[in-house]
Amino acid sequence: MIQYASIFLFVLGLYGLFINKNVIKLIVSLNVMEIGLFIFIISIGYVGDNAIAPIISNTQDLGLIYVDPLPQALVLTAIVIGVGTTALALAIAKSIYNTYQTFDLDEMEESA
Amino acid sequence: MRKLFGLAITFALGLVIILALNNTVNFPAFGEVNLSERISGAYLSEDNVEEVGSANLVTSIVIGFRTFDTLGEVTVLFISSLGVAFILGRKKQKRMNLNFKPNFMLRVGSNILLAIILVTSFYIILHGHLSPGGGFPGGAMIASSVLLLYLADDRFRSNIKGFKLLEGFAGSLFVIIGLLGLVFATAFFANYLPTGTIGNFLSAGIIPIIYVLIGLKVGSEIAGIIDNFLTEEERA
Amino acid sequence: MNVVFLIAIPLLAAFISILIKKYASYLLVAVGLFNIAVLIFSKNGIVFIGGFDTTISANLLGITLLLDTYTRIALWVVNVLILVIAVLNIKTYRDYGSILLLAMAGLNGLLLTNDLFNLFVFLEISGIAAYLLSTSNKKPVSTFRYLLYGAIGSSLFLFGVVILYSMYGTLNMVVMIREISASNNYTEVILPFILMFIGLGVEAKLLPFNAWVKGVLGNSNVLSGPMIAGVYMAAMSFVLGRLVTNLFVFEGTLLTVVTLILVLGIVVGDLMAFSSSKVREILLFSSIAQSSIIILLFVNGLTIWAVYLIVANALSKTVMFLVINKATAETENDEVDSLKGLFVHNNIVGLTFTLAALSVMGLPLLVGFVIKLNYLTALAGAGQITLIAVILLASLIEGIYLVRLLVKLWYKGEKDLRVEYHFSFKMVFIAIALSLLVFGNYSTPLNELDNSIDTVSEVVNNG
């Protein structure tokens, strides 16, 4: 059930990407979409209410029930990649602003 | 019109995803996952945990079984920091002015805070194989200390050349450690150091070394990105 | 030699190259030559990274790379073309050395990897490298569009991969194929497959996910044009082709939808090229149509001819974009009319451009003809008469606009147009045109390989 919330965030971000014309808002929408995806990834690794974080202190602990560690590893990678893309997008946004003095894509096409 | 169209498309997509996942027998419901059906069941088995020797099982995947992904991840951060410098840092740069004049207390206080942040970040990096954390959050904390200095001191300018040097060396060492795996063992990124006892500080073979390198690299890359955003072209 | 060098050494060189910025472009050339040596001396097979496994079993812990003849052809195309483009631009685009090294590592990883999440990581590396290459066009808005579309595409791809992981509990492609065929319920995998197909379709320039192409390639230059239209398109088609042939199961309605999307891409691409008056737009719309044809061939199981078509197309498009972008760099305008008479003083360049264009059209004596004849025969054998009609119609439109373009470029305009092509450019043009001619007339080597160059299904069955 809670997975639907993450899918909602994902499509919300996608909606934002559809309708927005402002460069910064587009980047924010992209991040909303990515965060929805990250929550979805984490949610597929949830095993049950009695499961604990996958950190052990010795090998006897391995009998306990842990949540799936792989989605956590994947989401770590995905988040860092998202950070990289966002940083690059913001840098391009800054250079767009330096060129056109506006963040609005419609205004840019008029002036260009 | 465009808004309505977008709404319709995204609504339909969301509905399709939810319905499709609901009607898929193979897709486990939330909280009803059976790990023994997944590869993670093997990651949790005693033999494999001991083979890598990391107490934090997420770390044992990130820097153990899937180090190659992490190399790619570091590369993504590297290329985006390179790209930000490439796009923004062409001309001679000076740092942005703050809207206020930082007073003496702020400067001294931020220096004390800086020490605490740095110590914590190194703790987190060094204990990445034992506790939650590791190179990525630790590196981000190092970068946050640079951001703190930028915000609290209007004359501060970080040593970008030094960061570039650190970034290049840490990245190269990361790849070289992987390549040494072909020399001392049989595969790229093989763990050729003794793994020790699980839970000890000195355990898990090459994992802590790689995490330190990643921490330094991530810290210097994000610091470089911050510097590029907080500087502007010199106006004559 | 271990094929992991193809990824590790360019990465190492990229990390070192920011320490010695001045020599980055020389490092790039050295690494390019090294990669070709690795390609010559490496053996086909599976490489296990991390040394956790020795065979592909259901409990495959690490990441694996797979090198077979299919990947080898793809790697040859990518590495040789990047090397050629790098050498040609060694003076003009000095700063792009590190980025080209990363693009090389990313594309090699993309082609070699056998792990779906790893594929996503390399998709991002090569994608970001492509965004940075497109900044050389000095059009930040189109770069931004490219980045947005690329990020959405890779997010959709990741979504698909994660759903597949949650259903089958593995990320390895071979194990995944085994699990999917064991469960034998193909309606369940429609959603992840369509998400992944759209995600890669963005990069492979399939309609309607390719709105970024016009801005990026329409303003491209001698570096970004051939890189994105030649190298990236080839690599992305190879990756998508591998997934389409082996992983994706397109059946029933889904097959109709995918075929419809691709047919639409062919027809619309060629019609847009027909109606455009800018040379670069004509070329980029033509390459959109070509990439749809390529994926259509993969969907119909004609792997080998799709591979040849990718290679021939990458070579021709590299020549065409290099010729046109070099000329537009001097005229600063790519209307067909302003480039009239480009070849009057550049006969050799004109001849090679003409050969490349004729090969894309598929005229006899050139390799494009051999390929087209063979895949049309194979499609006829499979009873796909509608597809043949569509492709023939599209070829007719393509023929008209390319011949029109050629005529204008050969006939003298009002003003005398002089564009200097460096000797190295001419050498590359001649080499590529000669290879198009030679393989067009002596096609026996092409017939030696068949669909079995893609060995994923073999690995799935035998381990």
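I count two residues as in contact if their C-beta atoms, placed from the backbone, lie within 7 Å. I am working on a predicted model, and I kept that in mind for each entry below.

**Entry 1: A:A93**

I began with A:A93, which I located in helix α3 (residues 69-100) of chain A. Leaving aside residues up to four places away in sequence, I found that A:A93 touches A:V23, A:I24, A:I27 and A:F103, and also C:F144 of chain C. I then took the pair A:A93 and A:V23, which lie 70 residues apart in sequence, and read a C-alpha to C-alpha distance of 6.4 Å. Is A:A93 buried or exposed? I counted 20 other C-beta atoms within 10 Å of A:A93, and since 20 or more is the cut-off for a buried residue, A:A93 is buried.

**Entry 2: chain A as a whole**

I next listed the elements of chain A, which has four helices and zero strands, so that entry is a short one to write from the N terminus on: α-α-α-α. For the dimensions, I noted that the C-alpha trace of chain A spans about 70 × 30 × 10 Å along its principal axes. I compared the radius of gyration with that of a compact globule of 112 residues, which would be near 13 Å, whereas chain A has 20 Å. Of the 112 residues of chain A, I found that 46% count as buried. Among contacts in chain A between residues at least 6 apart in sequence, 53% join residues at least 24 apart.

**Entry 3: chain B as a whole**

In chain B I counted nine helices and two strands, and from the N terminus on I wrote their order as α-α-α-α-α-β-α-α-α-α-β. The radius of gyration of chain B is 23 Å, well over the 18 Å that the globule rule gives for 236 residues, so I recorded chain B as more spread out than a compact globule. The C-alpha atoms of chain B fill a box of roughly 65 × 60 × 35 Å, again taken along the principal axes. I found 47% of the 236 residues of chain B counted as buried, and among its contacts between residues at least 6 apart in sequence, 73% join residues at least 24 apart.

**Entry 4: chain B against chain A**

How many residues does each chain give to the contact between chain B and chain A? I found 45 residues from chain B and 40 residues from chain A. On the side of chain B that touches chain A, the elements giving two or more residues are α1 (2-22), α2 (39-43), α3 (46-52), α4 (57-65) and α5 (67-88) of chain B. I sorted the residues of this side of chain B into 26 nonpolar, eleven polar and eight charged.

**Entry 5: chain C against chain B**

I then turned to the other contact, in which 39 residues of chain C meet 42 residues of chain B. On the side of chain C that touches chain B, two or more residues come from each of α1 (5-17), β1 (45-49), α4 (97-112), α5 (116-134) and α6 (140-168) of chain C. Which element gives the largest share of that side of chain C? I found that α5(C) does, with nine residues. The residues of this side of chain C divide into 24 nonpolar, 13 polar and two charged.

**Entry 6: the strands β1(C) and β2(C)**

I looked at how β1(C) and β2(C) are joined, and found five bridges between the strands, which run antiparallel. Within this pairing, C:F48 stands opposite C:T64 in β2(C). Strand β2 (residues 63-67) of chain C is mostly covered, with five of its five residues buried. I checked both faces of β2(C) and found each covered, with C:I63, C:L65 and C:L67 buried on one side and C:T64 and C:L66 buried on the other.

**Entry 7: helix α2(C)**

For helix α2 (residues 24-41) of chain C, I took the 18 residues at 1.5 Å a residue, which should span 26 Å, and this agrees with end C-alpha atoms that are 26 Å apart. I listed C:A24, C:S25, C:L28, C:V31, C:G32 and C:N35 as buried in α2(C). These residues cover an arc of only 110° around the axis, which puts them on the same side of α2(C). On the other side of α2(C), I found C:L33, C:A37, C:I40 and C:F41 exposed. What covers the buried residues of α2(C) includes α1, α3 (69-88) and α4 of chain C.

**Entry 8: helix α15(C)**

My last lookup was helix α15 (residues 367-381) of chain C, whose 15 residues reach 21 Å from first C-alpha to last, close to the 21 Å expected at 1.5 Å a residue. I noted C:V367, C:G368, C:V370, C:I371, C:K372, C:Y375 and C:L379 as buried in α15(C). I found these buried residues packing against α12 (279-299), α13 (303-331), α14 (347-361), α16 (385-410), α17 (423-441) and α18 (444-448) of chain C. Just after α15(C), C:G383 takes a positive phi of about 80°.

Terms used: Residues numbered from 1 in each chain as written. Chains lettered and ligands numbered in written order. Predicted model: local features only at pLDDT ≥ 70, side-chain atom pairs only at ≥ 80, totals over all residues. Nonpolar A, V, L, I, M, F, W, Y, C, P; charged D, E, K, R; others polar. Buried ≥ 20, exposed ≤ 12 C-beta atoms within 10 Å, placed from the backbone. Pairing = 2+ DSSP bridges. Rg over C-alpha atoms; globule rule 2.2 N^0.38 Å. Expected span 1.5 Å × (residues − 1). Arc of directions from axis to C-beta.
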